[in-house]
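Please work through the following exercises with the sequence and the model side by side. Each one sets a task and then solves it step by step.

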Amino acid sequence: NYLKSYVLYASSLLYQRIPTSLYESISAATMEEKKTRRLALEQRPFQSCCDCWFYYSCLDKCMKEPSFSTACLVDSRRVCHPDWPSDISDLERAWAAKKSSQKRD
């Protein structure tokens, strides 16, 4: 009777740990996939509203850091893209919020 209760207890612990280890391995794989997708996205060119092509990382830096109304070097039109807000005040507020959170850390 004692052996039976011990086996049941040990097997319940084993079954409780299996999903956790599976979740951890799936989570690690998912994080690697996300990192790979993010790096691929940064290296992919995007066409801006001024019909010029920029790498995502360059476009992101241009849109998220001052000066927010950056003019294109080719045709002198304002650089914009539908993935980022077109309102400059929204971009400025987001940048200020990011800087204030960095100061707190």
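**Exercise 1.** In which loop is Ser76 found?

Solution. Before starting, note that this is a predicted model, in which local features need pLDDT of at least 70 and side-chain atom pairs count only at pLDDT 80 or more, while totals for chains, interfaces and linings use all residues. Residues are numbered from 1 along each chain as its sequence is written, and side-chain values use heavy atoms, with hydrogens and water left out.

Step 1: Helices (H or I, at least four residues) and strands (E, at least two) are DSSP runs, numbered from the N terminus. Step 2: On this basis, Ser76 is found in the loop between α2 and α3 (88-104). Step 3: The phi angle of Ser76 is near 60°, which is a positive value in a residue other than glycine. Step 4: Ser76 is exposed, with a relative accessible area of 60%, where buried means under 20%, exposed over 50% and partly exposed in between, with a 1.4 Å probe and protein chains only.

**Exercise 2.** Describe the order of the helices and strands, and state what share of the residues is buried.

Solution. Step 1: The protein has 3 helices and 2 strands, and along the sequence they follow the pattern α-β-β-α-α. Step 2: Of the 105 residues of the protein, 15% count as buried. Step 3: Among contacts (heavy atoms within 4.5 Å) with a separation of 6 or more, 32% are between residues 24 or more positions apart.

**Exercise 3.** Explain how the buried residues of helix α2 are arranged around its axis.

Solution. Step 1: Helix α2 covers residues 56-64, and its buried residues are Tyr56, Leu59, Asp60, Cys62 and Met63. Step 2: Seen down the axis of α2, these residues fall within an arc of 165°, so they line one face of the helix; the arc is that of the directions from the helix axis to the C-beta atoms.

**Exercise 4.** Compare the surroundings of Ser48 and Asp51, which lie in the loop between β1 and β2.

Solution. Step 1: Ser48 lies in the loop between β1 (45-47) and β2 (53-55), and Asp51 lies in the loop between β1 and β2 as well. Step 2: Ser48 is buried, with a relative accessible area of 4%, whereas Asp51 is exposed, with a relative accessible area of 51%. Step 3: Leaving aside neighbours within four places in sequence, Ser48 is in contact with Phe54, Val79, Cys80 and His81. Step 4: Ser48 and Asp83 are 35 residues apart in sequence, and their C-alpha atoms are 9.8 Å apart in space. Step 5: For Asp51, phi is near 70°, a positive value in a residue other than glycine.

**Exercise 5.** How many disulfides does the count come to?

Solution. Step 1: A disulfide is a pair of cysteine sulfur atoms within 2.5 Å. Step 2: The closest cysteine sulfur to that of Cys72 is in Cys52, at 3.4 Å, which is too far for a bond. Step 3: The count by this rule comes to 0 disulfides. Step 4: As for accessibility, Cys72 is buried, with a relative accessible area of 5%, while Cys49 is partly exposed at 35%.

**Exercise 6.** Find salt bridges within the helices, and give the accessibility of the partners.

Solution. Step 1: Side chains of opposite charge can pair when their charged atoms come close. Step 2: A salt bridge is a side-chain nitrogen of Lys or Arg within 4 Å of a carboxyl oxygen of Asp or Glu, and the count by this rule comes to 4 salt bridges. Step 3: One of them joins Arg37 and Glu33, at 3.8 Å from N to O, and these residues are 4 residues apart in helix α1, about one helical turn. Arg37 is exposed at 54% relative accessibility, and Glu33 is partly exposed at 46%. Step 4: Another links Lys64 to Asp60, with the closest N and O atoms 3.3 Å apart; both lie in helix α2, 4 residues apart. Lys64 is partly exposed at 43%, but Asp60 is buried at 19%. Step 5: In helix α3, Arg93 and Asp90 are 3 residues apart, and their side chains meet in a salt bridge at 2.4 Å, N to O.
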